[in-house]
Each structure stands twice: as C-alpha cells, then as structure tokens.
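Grab a pencil and work through these exercises with the structure open beside you. Try each task yourself before you read its solution.

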Amino acid sequence: MYDMKALYQAASVEEAVALRLEHPAAQIIAGGSDVLVQMREGKRAGAELISIYGIDALRGVSMEPDGTLRIGSLTSFSHITRDPLIQKYINVLGEAVDQVGGPQIRNIGTIGGNTCNGVTSADSASTLHAWDAVIELTGKNGVRRLPIRDFYIKAGEVDIRAEDGEIQTAVLIPKESYEDCFGHYIKYAMRNAMDIATLGTSVNVRLSADKKTVERARVAFGVAGPVPLRAATAEAMAKGQIVSLELAERFAQAVTADINPRDSWRAAKDFRLHIAVESAKRAFIESVKLAGGEL
Amino acid sequence: MSITVGKSVARVDAFDKVTGRTKYYEDRMPAGALYIRIKHAEIAHGFVKSVDTAAAEAIDGVVKVLTCFDVPDIPFPTAGHPWSMDPGHQDVADRHLLNRHVRYYGDDVAVVIAENEVAAMQGVRALKVEYEELPFVLDVQKAMEPDAPQIHENYPGNILKHTDIRKGDYAAAIQEPGLIKVEGWYETPTVQHCHIENHGCYAYEENGRVVVVSSTQIPHIIRRIVGQALGRPWADVEIIKPYIGGGFGNKQDALYEPLCAWCSTQVNGRCVRIDCSREETFVSNRVRHAIRFHIVSWLRKDGQLVARKVECFSNQGAYASHGHSICAKALGSFAQIYPCDHMECDGWTVFTNRPAAGAMRGYGMPQASFADEANIDECAAAVGMDPLEYRMKFIMPKDYHDAFSGNTNYFDSFRACLEKGRDAMDYDRRKAEFAKDTGSVRRGIGAASFWYNTGVYPISLETASNRMQLNLDGTVTMQCGETEIGQGADTAYAQMTAKAVGLKSYKDVHVVSCQDTDITPTGLGAYASRQTYMEGFAIDQTGRLLRQKILAYAAEMLGCSAEELDIVEGNVVRKDSGAVEMDLSHLAMTAQYNPVHSEHITAESTATIRSNAYSFGCTFAEVEVDIPMCKVTLKRIVNVHDCGSLINPALAEAQVHGGMSMGIGYGLSEQLLFDEKTGKPLNNNLLDYKLSTVMDHPDLEALFVENAEPTSPFGTKALGEPPACSPAPAIRSAIYNATGVSIDTTPITPHVLYRAFKEAGLIHDEKEGD
C-alpha cells in the first residue's frame, strides 16, 4: 500500500501538460520503478502523481526524415534492446540498458524515467552522453530540445520546467552522431545482475575509411562525477591519431584529467579512478574492433 | 517395490508451492487485522528521554501508540534454545518489548497501531523522540577497551562471555628449536540471512489466551518466550507456525512475536500484525556474528603442527540472543579439525552497538572455516607443500574420538571427501595448467574443509516427539514439532515414516506441516541441522509403537500371535510365508467400526537423543581473476559431504546448492556496513547489500560420500548447515593460487582486491587520486 495523495492519469501529451500546470507539485510517474521505491522509503510519501504511462504515442523507436533516431521517452529498456533501428545504429545503447536491474525492471523501466531521474549511475546516461543525445521536452510553449549535457543540472536535478508543464517526450540521436560510429559500454558493478553501476564507461569511435586513424573518439562516464560526464581531454588527444594499443593506453590515462569520482562507502575515489582508466582502455579497444580497426 | 528412504522423490509440498497455493502467515491473515509499525531508534546508543505521540495519535486511522515507557518491566531472552532447568545455563534476559536504553541504530522504541498500513507508517514518521545520546562502539576489540561505552550493566568490558580451551603446554612447546611461525589476523563480516519471506506474525486473544501465528522455525520455544515476555503462564500462549519462506537461523529466535502478542493485549485482544520490511529484517532481526580471529601456528619443517594459539573476538551486537554459543562452537572446531598437542584457545563474545547477532546457518563455522583454512593454506605455503596435500596429511585422522560429545570419525570422512573432490575437479592437472598463467587474467584452484556436528547434544537438550495415527484408508498421519522451513523436512519425514511403519510409499504418509503448540507434540524446531537426525529417533520409536498396535489388532482379528505377523508394503503378512493377510485399510476400517472392540489406532512417543554425529566435507573452487579489474569470476565450485545415508538424494543436493550459494556470497560480496560516525547501517536493502545472484554462480555441484551413521536409525546426519561453511575459504584459496595474494578478509570484494593487488605490486596507477 502506497502513501499517495492522488493519481492523475494522462492519455495524451496535451493532457499531461495540462495536468502538470494544474498540479505543479505533482510527481510524474512512468514505469514507477524509481518513484514507487522512493514513496515506499517515505521520501515522496503523500505525493500527488501524474501518470504518463498510458501515453502510447511516447513509445517506440523511429527514424525522422533527417535521419535522427527518435526514442520515445516511454520506450522500455527491453524494447530498446530488441529494436532493429537501435541494433543497427546504436547497438551499444541496447546493450547498456540491457544491464539495468533484472528482467522485470527492464520491462517496466523507461529511458525517459532513467534520464529524468538525473542520477549519474543510470545505465543509459553515459552512452547517451557519449553519443551527444538530444532531449526533447514538450510543454505549454511547445517543444524544446537541448543537448543531454545541458539537461543534467546536478545530481538528481534535470532541466525540466514544471512551471511550463513540461514532460520529456523523446530522446534523439542525431545522424551526425551515430553515423559510422561504433561503441562499447562497460558497466562495472559488484555483481552481475540487480545492481547499479559503481562506474559506467561508454566509448565510441569513428575511424577513417582505411580503419587506421581515429576520426572521432568519444567517452562518457557515469558515477565519475555528480552527473554523467565526458572526458574531453582524452577525446581531443585521440582525434586524428593512428589506431594502436599504445593509443588505447594513452587515451585511457588521459580520462583522469576530466573525471572526478568521489569517495563514498560504495567505493573509494582511487579505486573508481583505477577502474575508469582500465574500463576506458578496454572499451576503446572494443570500439575500435567493432569499427573494423586492428590493434 | 516400496518407495521410502534413499529415493529422490518429489517434495510433498512441491505442487502447492510451485502453483502458489501454499499458505504463509500473510495468506492466513484474519480480515481487519490492525497494522503495527515500529519506530526504530535513530541513534546508536543512548536513552529515550521522551516520545511525543500527539501528532501520531491525531492521524486518521491510528488506533493506539505505545512506547518504551508503556511496556512491562520484564527483561526476557530471545534465543531459540531449549529451556534449561539449570538457571546457570539459561539464556541472557536482556531485552524489553520496547527499549528505553537504545543499544543500536534501529532498536525498537515505540509502535503505532493503525487501521491500515499507510496510517501506521505516517504515525511512525510523526513520532518525535527525544534522546540522551551516549558514545557508541562498533568494533569488537574497541568495545573491550577500559574506556569503551558500557552497553549492558554487569558486563564489564562489554564481555558477554569468555571461554578457553587449554591442551598440553603451549608456552613450553613453542620453545622447540627450528619451528616455523605462521601468524595471521582474519576478519569475517556481519551478514544477514536474506530468506525470501521476511519475518512477520499476527496475534489475537481467544478465550483469555493469546494466539500468535508466526513465521518462525521454533513454535514451541516461541511459546515459552512469549509467556516469559508477557509474564503469563506458558500455557496461556498458543503458537501456530504455517509454511514459512526460509529462516536460516534468523527465525530461530523470538523476533517480534512477544511484541505482537503484547500489542494485541493492549487493544482488547484485537488481531494485530507485524510485517517486517526487508530494511528492518537486515537491522532489527538478527545477523551473523562478525568474528575476528588471531591464529598463531607453530610447525615443524615437515608441516607438523606443534602448537597453536587461537583467539576469537565475536561481535555480539546490542543484545545477547544466542550469545557465546556461536563463538564457543567456532573455538571448539580448532581443537579438533587439525589435531595439535599444544593449544591455547580463547574466545570472547562482546557486546557492541551493532544489530544483535544470533543463529545463522553454520553457527560460527563459516567464520572459523574461513580463518582456520586461510591459516592452514599459509602453513602449507610456509613448508612448501601443496595445500591439499597438507590437509590430506594433517587433517583429523580416522577413529579420532571427542570425549565431550562422544563423536567418532568412524570412516576417515575428511580424506574420503577431499579425494572425491580432487578427482571431480581434476585438481592436480588443473593446478599445473593454471601455474602457467602469468598475464593479467589468471586462473587458480583451491580447496577448503570444514568441521561440523549434528544438533546440540550434549550442550543442550535434544528431544523429539512424534504422533502417528493410522487412517481408515491405511495411510498414516504424522505430526512432530521439528518444523518444515523450506528445507524439505516434511518429505524426509514421510519417507522415514513409511520405512518405519512398513508402508508401500512415502505417499502413504501425510505429514502435518503446520505446527500448533496446542496440538502438535512438543519438539524443538528447525535448527542445528538436527531435524532429520533427531526426528529420525522419534519416527523410529513411534513407528515401532504403531506397528505393535497394528499387529496386536491384526493378531486379534486373525486369532494368532502378533509375533507371527509383520507389516510389509502396507500389508499385514505372515512372517514365515510372507502371505498377505490384509491390507492396512481393511485393518483400520475393521478396528474403527468394530462394534465390540473399536479402536482408533495411534501412537505417540518422545525420544531423548543422547548422541551426536560428525558431519564433514569440503569445497573445491576454480576461479579466474581479472587483476586490473580486481574481479573474481567463480568458474567452478564443488561441495563434497559425508552426511551419512541420504534419505532423499535430490533434496540433499538442493540443500547443498543453497548452502553453496550462501557461501559464495559470504566469500565474495556480502557484508552489512555501518557508518562509523553515527552507527547507522548503510546498506540494509537488497540493492546495496550484495547478495549474490544466479548470474554470479557457476553450476553448483554437490557430491556425497555415503557412510551410514552408526548412531542414527536411518544412518543419517547433519546437512542443513554444513554446505555453507567451506565455499568462502575455498574461493579464497583459489584466488591465492591464482595470484599469490593471500587475503585475510572476507568478503573478497573488488575493493579488497584493489588494495591487496596494489600492495602486492600487481597493479599500478599512474595517477593517484588527488
């Protein structure tokens, strides 16, 4: 039994926006795998809820005319993993979200909920950062799009304007971002299922036509700071370099310039840094191999 | 062919459990039961000065608020031990139903009773508790220091109990020239049972008595404790135990039954319920004792142990519960498993401001096995011997006899198990192959043994009762107080009863699974791996009584002597010819409806068991260690047990699998953590407490050496707890073999490996944390 003040159910995005404007204090609930847990803990006890779970228009993956991949915010992790467009263009995202919790959570949990929580450990977040995803929000003033790195404000807080009645409606991956890119995600956790990441590392590369040179390398981490973050120094260093194991090593060492994991009872800072370097190296090597490179 | 003992028959409760029909306490809940929610202390040590209940009482649906100032001043014990008529051997009575003296973060200080769960929870949040805070201590040895906070009166140094074992002359023996000293400190964690069904219960008054339906392993003992806690005659209390979703020792303790019963008496006998959340289960039930060991071994160059010093510091937490029994059992194993002429062993059980430690599967032996086997690995290394060879040479010999328990190692069980494991793992070849691994990912193989026994004789009473009745269809209904808690006891009882009476099949026995202390013959419950062994005596004895009654009636019908008759496969037969005279249904119908001599044929008896039995075995583990990632992958794990003749091989195997799973978590991931600054538990939930999952296990392999136990009518002995004892040290040993790094702490998490590998120079970080 949940301590819930009221539940409003939206059947469409318009209804959701109207409900938000009407009940500004209400909490949005999608799959509920985070919100209900928080309510049970007493953190959101007595909350009003607006459920958007019934808005089927926000489900599914599609391609827009300009080649942008559009992932509806209510698309579940298990659907993302099994989606042919995802598998073809950004397979690493499907692999990453396939490591969330267990099968039940992956069936109920949504990518919108995963990102709107604003937590650094979310399994989708590092890959979405590494692929320069764009967050689409819809409110009373229409649609607003912003890069995912601007969407995350601080731990547990994202740029979603309740006063404008906004809800997140899609996660977009621009064509320029995924074209010819290959990536790998390493979830470092304390067990092989039902866990949150101690560190999440997502790397992707685009190689030259001859597969010898790195045209672009991107790397993002979860739990290496209060929000998911990119390691720009390593990315700049690798750009234009000849593919090699030695490059993988240098790329990995360079990530320490930009990440700032903290000491907590869950893991020590020096341990997280060590794992970040090792994971970056392995994910870089794996990405290069997926892109057809040899090292 | 009869289907009784020794067959892998399906569990008697399998169909209902798989189809969701089995009724647990919540499934039997009377309509309208009031919800009790507990206010747990938010300090680790201090006194409750006041509780402001006004806001809670104002909440719609709240029926009553009761605090630590309202409860009777009756301290009571909680351990699920048999009562002792010797006051010096009774459990420590150190708890109140609600406590003004808060001794751990999570102690029970007040309750809110409400019409629904939400109101009860809101009520708890609305309580304002004012505390007088005191310094607290979490570490077992710090608690023994002179200036440490005192947690209970009359326990100087917070020492609940100290015992020792002295053998030979340790001080003189270590003077022998040329001895090699192998010394270590070994650390084991606080862990929790994590049974699937959290503890819960409900209570109501009926005809002036109080009834408690509880998820417990020990209904008859709970009756006594509820009586004690409420200051009422024990017979005023009726405990009903339905099916339960596991216990592993946590429910071998009075948890919330006394509080629930008392709350009912405070609301005019209305039905009230307490349902522990998982978070409460971790903190406010019981945990496994974290024990720190200090071992000093002195050996000759050939490996022979000359003298050993062992110190055990057992972290009791805030309340005595099972107390020193765990530490004493751990201590006792050192004196036996690797016999040594000169020993100086000391064990201290010490109060700290942590959750109370109680019984948990293995009862001190997972701790002792980890420490002892780690030290033995070091001993082997110190003399350049293979650790398995070392064990084969020095572990307890055949015919070893322990005068105190009367136990004898009749069959050289350790070596038989180790040999079997060695063959199954292809140990020698694999070890040689793994020795070639030099890269960043290395494989290793290890083994570890454990010492165990069966039940609690001669330290405590061992008794088992049993009632059998012959039904009109020729089947037998059987009842006993040794409970089914998920382990499969009912199925084993059905198989044993069929054998004892002479029935065709275990299906001809109906075991009454639910215990009701008003009805069920008195038993002690499920603990100490005792049920099959102890109840076996009662089944054998009562089975003979029932047979006598059946045969006496048959003889009367046939006009012959009962001596001439036997019961075979459910028929009364002539002993000499084997000729079938009648089936048991015919006999039962005749006896029941005989207008001249009607008889409802039943038998009941109590067996006092005055024996014990060793139950030994070992684990072999193979690991792959990814050194840069500080990660261990368990590739293979095999347990080998000599637990006597198997009553049901498939169930025995399942029992071993469960214990191995628990042992894997103990070795690699599980640990309840506390904030050093506040004493607050940090990870009392199943996300942050890393219970191992099926994805963290390889296939679990169970092997048996079946030496029939001479003292048991069915040749059986302990198997409930033993499987959990040796996986952790075997994994430790395999990691040592793979990397050369000897870890003295369990669980061996990536955090532990990171520090150890760094220290050993196996990993280097170019840039250290700033």
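**Exercise 1. The two chains meet**

Task: Find how many residues of chain B are in contact with chain A, and which elements of chain B give two or more residues to that side.

Solution. Keep in mind that you are looking at a predicted model. Start with the count: 26 residues of chain B are in contact with 21 residues of chain A. Next, look for the elements on the chain B side. Those that give two or more residues are helix H3 (117-126) and helix H18 (750-759) of chain B. The largest share comes from H3(B), with five residues. Finally, sort the chain B side by class: ten residues are nonpolar, eight are polar and eight are charged.

**Exercise 2. Domains of chain A**

Task: List the domains assigned to chain A, then describe how domain 1 touches domain 2.

Solution. The assignment gives domain 1 (4-51), domain 2 (56-176) and domain 3 (180-290). Taken over C-alpha atoms, the centres of domain 1 and domain 2 of chain A are separated by 19 Å. Their contact takes 13 residues from domain 1 and 17 residues from domain 2. On the domain 1 side, helix H1 (residues 13-22) of chain A gives the most, with six residues. By class, that side of domain 1 has eight nonpolar, three polar and two charged residues.

Now compare with a record. An unreviewed UniProt entry carries the annotation "domain: FAD-binding PCMH-type" for residues 1-210 of chain A. Over residues 1-210, chain A is 30% helix and 29% strand. The C-alpha atoms at the two ends of this stretch are 60 Å apart.

**Exercise 3. A sheet of three strands**

Task: Work out the strand order of the three-stranded open sheet in chain A, and say which strands lie at its edges.

Solution. First, a reminder: strands of a sheet pair through backbone hydrogen bonds, either parallel or antiparallel. In this sheet of chain A the order is S1-S3-S2, and the pairing is parallel. The edge strands are S1 (4-9) and S2 (27-29) of chain A, since each pairs on one side only. Neighbouring strands are turned by 30° against each other on average, direction ignored. To see one pairing in detail, follow S1(A) and strand S3 (residues 47-51) of chain A, which five bridges join. Here A:Ala6 has A:Glu48 in S3(A) as its bridge partner.

**Exercise 4. A sheet of five strands**

Task: Describe the order and pairing of the five-stranded open sheet in chain B.

Solution. Read the order across the sheet: S7-S15-S14-S13-S8 of chain B, with mixed pairing. Strand S7 (159-167) and strand S8 (180-187) of chain B are the edges, and each pairs on one side only. The twist averages 5° from one strand to the next. For a close look, take S7(B) and strand S15 (residues 342-351) of chain B, which pair in the antiparallel sense over eight bridges. B:Ile165 has B:Cys345 in S15(B) as its bridge partner. A helix also belongs in this picture: H9(B) lies across S8 and strand S13 (290-299) of chain B, and runs at about 150° to S8(B).

**Exercise 5. Two packed helices**

Task: Are H9(B) and H10(B) roughly parallel or roughly perpendicular to each other?

Solution. Two packed helices are described by the angle between their axes and the distance between the axes. Helix H9 (residues 365-382) and helix H10 (residues 387-394) of chain B pack at about 105°, with their axes 9 Å apart. Angles of 65 to 115 degrees count as roughly perpendicular, so H9(B) and H10(B) are roughly perpendicular to each other. Which residues meet? From H9(B) come B:Ile376, B:Asp377, B:Cys379 and B:Ala380, and from H10(B) come B:Pro387, B:Tyr390 and B:Arg391. By class, this contact has five nonpolar, no polar and two charged residues.

**Exercise 6. Backbone surprises**

Task: Locate two cis peptide bonds in chain B and a residue with positive phi in chain A.

Solution. Most residues other than glycine have a negative phi, and most peptide bonds are trans. Go through the exceptions one at a time:

- A cis bond, with omega about 0°, joins B:Tyr457 and B:Pro458. B:Pro458 sits in the loop between strand S16 (441-450) and strand S17 (463-470) of chain B.
- Another cis bond, with omega about 0°, joins B:Thr746 and B:Pro747. B:Pro747 is in the loop between helix H17 (727-739) and H18 of chain B.
- A:Lys211 has a phi near 65°. Its place is the loop between strand S12 (199-207) and strand S13 (214-222) of chain A.

Key. Residues are numbered from 1 along each chain as its sequence is written. Chains are lettered from A and ligands numbered from 1 in the order in which they are written. This is a predicted model: local features need pLDDT of at least 70, side-chain atom pairs count only at pLDDT 80 or more; totals for chains, interfaces and linings use all residues. Two strands pair if DSSP finds at least two bridges between them. Helices (H or I, at least four residues) and strands (E, at least two) are DSSP runs, numbered from the N terminus. Axes are lines fitted to C-alpha atoms, for helices over the stretch in contact, and angles run from 0 to 180 degrees between N-to-C directions. Two residues are in contact if their C-beta atoms, placed from the backbone, lie within 7 Å. Ala, Val, Leu, Ile, Met, Phe, Trp, Tyr, Cys and Pro count as nonpolar, Asp, Glu, Lys and Arg as charged, and the others, Gly among them, as polar. Domain bounds come from an automatic or database domain assignment. UniProt positions are given in the numbering used here, feature names are shortened, and annotations may be inferred rather than shown by experiment. Angles under 35 degrees count as roughly parallel, over 145 as roughly antiparallel, 65 to 115 as roughly perpendicular and the rest as oblique.
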